[in-house]
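Student: Could you take a close look at the loops with me, and at the residues in them that have an unusual backbone? I'd like to see how they sit in the chain as a whole.

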Amino acid sequence: MDANDMGRDLSKVLISEDEIAAKLDELAAAIDRDFAGKEVLLVGVLNGAVMVMADLSRRIHTPVTMDWMAVSSYGSGTKSSGVVRILKDLSTDVHGKHILIVEDIIDSGLTLSWLVRNLSSREPASIKVATLLRKPEAAKVEVDVAYCGFDIPSEFVVGYGLDYDGRYRNLPFIGTLAPHVYGG
Ligand code: XMP
Ligand code: MG
């Protein structure tokens, strides 16, 4: 599947399926090195992180457990506001555990910094963050991202879990949405 299959909605393939796979191999190897001898609780942020979680976790050899959170950050259209509401909380107690938050994309970083603060208050042993994608805006927020796949330009991207209006999550690659689709 490539950008042509999506008609004129995508302007290009930004990161191919193969490039994603190679990068996840690297991230998993780094995670295995850093967490050697420990057990990790992977916390996936729904819905966007499902693909990253599935593909990254299968490359990790360190013992892991997995849990999910769904949050919504209030904001209009494609911008987040930093005011976050929990739609689905974790089902596990994270006290004393080594948490690795698994994200699809960090844009402003506001959602993530809220999440880190929220999970920190539950007294885990440690918290680290892994994200497949990061936009330049994220640099403005003080969140340490231990594992980042790709630094991408500030364009709206879809695919591999990321949606526009609920669509395109099933694309196996990351594509750039054509501006006409979101009224640009
Ligand atoms: P912040 O700005 O708080 O928000 O870091 C991160 C969340 O915003 C969404 N987001 C995107 N979703 N394509 C998407 O499909 C994008 O280019 C994009 N940029 C931000 C996403 O839900 C992410 O978790
Ligand atoms: Mg997300």
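Tutor: Of the 184 residues in this chain, 32% count as buried, and keep in mind that we're looking at a predicted model. Hold on to that burial idea, as it comes back when we reach the loops.

Let's get our bearings. There are three helices and nine strands here, and going along the sequence they come in the order β-α-β-α-β-β-β-α-β-β-β-β. If we count contacts with a separation of 6 or more, 65% of them involve residues 24 or more positions apart.

Now for the loops. Start between β2 (40-46) and α2 (50-57), where you'll find N47. The peptide bond leading into N47 from L46 is cis, and its omega is near 0°.

Next, go to the loop that links α3 (110-120) with β6 (126-134), which is home to E123. E123 isn't a glycine, yet its phi is positive, at about 55°. Is E123 buried or exposed? It counts as exposed, because it has 11 C-beta neighbours inside 10 Å, and the cut-off for exposed is 12 or fewer.

Last stop: Y168, in the loop between β8 (157-158) and β9 (174-177). Y168 is another residue other than glycine with a positive phi, this one near 80°. Its surroundings put it in the buried class, because Y168 has 21 C-beta neighbours inside 10 Å and 20 or more is what counts as buried.

So there's your pair of positive-phi loop residues: E123 is exposed, whereas Y168 is buried.

How values were computed
Residues are numbered from 1 along each chain as its sequence is written. Chains are lettered from A and ligands numbered from 1 in the order in which they are written. This is a predicted model: local features need pLDDT of at least 70, side-chain atom pairs count only at pLDDT 80 or more; totals for chains, interfaces and linings use all residues. Helices (H or I, at least four residues) and strands (E, at least two) are DSSP runs, numbered from the N terminus. Two residues are in contact if their C-beta atoms, placed from the backbone, lie within 7 Å.
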